[in-house]
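User: Please examine the structure shown below and answer some questions on how its ligands are held.

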Amino acid sequence: MARLGLIFGDQLNEDHAVLQVLDRTQDQLVMGELAAEASYVNHHGQKIALIFSAMRHVADELAEQGWTVTYRCFDTSSSVQTFTDLVEQTLKQADFDEVVVSWPGEWRVLEEIRGWEKKLGVAVTVLPDSRFLNPLEEFERWADGRKQLRMEFFYREMRRRTGLLMDKDQPVGGQWNFDADNRKRWPGEPQAVHPMRFKHDETTRKVLELVASKLPHFGELENFDYPVTRTQARRALAHFVDRALPYFGDFQDALPDQEDYLFHSRLSSSLNLGLLTPMEVCRAAEQAWKEDKAPLNAVEGFIRQVIGWREYIRGIYWLKMPEYAELNDLNNDQPLPDWYWSGKTRMRCLAQAIGATRRNAYAHHIQRLMVTGNFALILGVVPKEICEWYLAVYADAYDWVELPNTLGMVMHADGGVLASKPYAASGKYIQRMGDHCKSCCYKVSETVGEAACPFNALYWDFLIRHRERFESNPRMKMMYRNVDKMDNDRRQAIEARARYIFENIEAL
Ligand code: FAD
Ligand code: DLZ
């Protein structure tokens, strides 16, 4: 009897485990654009269009390669709304004795799959997800017995294992990490590099029309220019390596007011869909260094994000779920301000980050971490609300990567599993790393009073509120020394300004 392979919309990799195991001459594949997947959060329209267009392209390619593919286009009137419906319907159409999938990107989907044997009376096999370099069992082995799961140590093992930027068993350049060189403010040159733009083909035009007319969504569709095929994603990679990678390191943390991408790659959406593999991306970067086309601090910084952070974040997700999603270690209780969706706030850095998010389904890492993330942290937003926002608004967002980044790295809601201290910062940090503050109606030099930058009072108030939790943290000693230098009047004025901000948050 035949087997049925279900290909999830974010697993479009050529080396998909199901394609390795199934036999195209007798087994079949199914893919579907599903209402439940398109609406479990208020996704950005460009994210839905990207996934649907890439899925349609891959389904066509698989059919050309001789696979029998059942592809269901989005249809609200259909009774097939979920992955379970899709499998159930397909099982009715032919005799299959087994359903085969690859490990999904979200816990809720794994739970759904786990129900199929009982509900649908069919054998189910879950194969490993080959979009990643590090098998989940390896991560568990690495984590086992360690007191602290620090990314840096995991990263070194990944360097050794992949051989990237290694000279025998030593890191090239004599250092594992060149982060200290990567914190420059961008002075306006060299010129920023826009990621390669792709024109809409017929498939993309159709899905953009579909999303515009049939799918409620967040954000704007006009700017859609993402790569939707492997060929396009490889061109985007080559463009990044040639033009932006040489400056990626130096300006990795910069926050320019007018540049949406600066020298960031925008490759996350292609990597997370499986249009690019982590190894091809890293090899391309390493090659640029070998050919003297990009400096080591840039190449090491970039490779660390891909084989370090990306793999580590995924490992943490599967190690800690499902309890992880429920954590709220700082007992936050503030709702997410409505303007996170509209972008209508007078705080320039936030308006620019959210504006870019609405236009492009993208904001670069420092905007996500130090602007929208930092503000939610010091305001004390309920983790579930801010996590749902990040999961919805970015083209690269899936639970496995969004959740640990938001709940752990940004909100410190996991009690420090992921980060040894919260990334809380005042307006001064944002001023130091860029030029938003120059065009802001709030004064970054002031902490109290109506015109003061709201980040400032919230930052100090955050430290005061969570003193018990953080004062003994060796990495925060200096911060608390500064809190202690304040006299009572100053402290009360800051707390009063913070209270005002909490009460008038929607009007900021
Ligand atoms: P670049 O700056 O060019 O970096 C290169 C690559 O490194 C990225 O494409 C990505 O694959 C990888 N990378 C870098 N940092 C991380 C990280 N912390 N975690 C995982 N991979 C990383 N990334 C996502 O892919 N999806 C998300 O939903 C997501 N949500 C985030 C939420 C928050 C609150 C924060 C702080 C970060 C989040 N990130 C997420 C990580 C990071 O911000 C994005 O990967 C990056 O901004 C994507 O843009 P880029 O491709 O231009 O990255
Ligand atoms: C995010 C998403 C969206 C918006 N739509 C679909 C879809 O219609 N069909 C599909 O197979 N996948 C979609 N996805 C990605 C899924 O949420 C993803 O496949 C799961 O997280 C499992 O990896």
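User: How do the residues of the shell around ligand 1 divide into nonpolar, polar and charged?

Analyst: The model is a predicted one. In this model 29 residues lie around ligand 1, with His264, Ser265, Arg266, Tyr362 and His365 coming nearest. Sorted by class, the shell holds 15 nonpolar, nine polar and five charged residues.

User: Which residue has a side-chain N or O atom 2.6 Å from an oxygen atom of ligand 1?

Analyst: Polar contacts are counted here up to a limit of 3.5 Å between N or O atoms. Two of the pairs with ligand 1 involve the protein backbone: a polar backbone atom of Arg266 is 2.7 Å from an oxygen atom of the ligand, and a polar backbone atom of Asp396 is 3.0 Å from a nitrogen atom of the ligand. The side-chain pair at 2.6 Å, again with an oxygen atom of ligand 1, belongs to Ser265.

User: What percentage of the area that ligand 1 exposes when taken alone does the protein bury?

Analyst: The contacts of ligand 1 include the one at 2.7 Å to the backbone of Arg266. Taken alone, ligand 1 exposes 810 Å², and the buried part of this is 99%.

User: Which domains each give at least three residues to the shell around ligand 1?

Analyst: Among the elements that supply two or more residues to this shell are helix H13 (296-320) and helix H16 (365-379). At the level of domains, at least three shell residues come from each of domain 2 (136-196 + 213-320) and domain 3 (339-507).

User: Turning to ligand 2, how much of its accessible area does the protein cover?

Analyst: Ligand 2 has an oxygen atom 2.8 Å from a polar backbone atom of Gly9, and an oxygen atom of ligand 2 is likewise 2.8 Å from a polar backbone atom of Gly105. A polar side-chain atom of Asp10 also lies 2.8 Å from an oxygen atom of this ligand. On its own, ligand 2 has 480 Å² of accessible area, and the protein covers 100%.

User: Which helix supplies the largest share of the shell around ligand 2?

Analyst: The shell consists of 19 residues, the closest being Gly9, Gly32, Leu34, Glu37 and Gly105. Helix H2 (35-39), helix H3 (45-64) and helix H5 (107-114) each contribute at least two residues. The largest share, three residues, is that of H3.

User: Which cavity corresponds to the space taken by ligand 2?

Analyst: By class, the residues around ligand 2 are 10 nonpolar, four polar and five charged. The space that this ligand takes is the largest cavity.

Terms used: Residues numbered from 1 in each chain as written. Chains lettered and ligands numbered in written order. Predicted model: local features only at pLDDT ≥ 70, side-chain atom pairs only at ≥ 80, totals over all residues. Heavy atoms only, no water. Near = heavy atom within 4 Å. Polar contact = N/O pair within 3.5 Å; in protein donor to acceptor, adjacent residues only side chain to side chain. Areas by Shrake-Rupley, 256 points an atom, 1.4 Å probe, with all protein chains shown as cover. 1 Å grid on protein atoms, 1.4 Å probe; cavity = no way out; pocket = protein on both sides within 12 Å on 5 of 7 lines; lining within 4 Å. Sits in = over half its atoms within 2 Å of the grid points. Helix = DSSP H or I, 4+ residues; strand = E, 2+ residues; numbered from the N terminus. Nonpolar A, V, L, I, M, F, W, Y, C, P; charged D, E, K, R; others polar. Domains from an automatic or database assignment.
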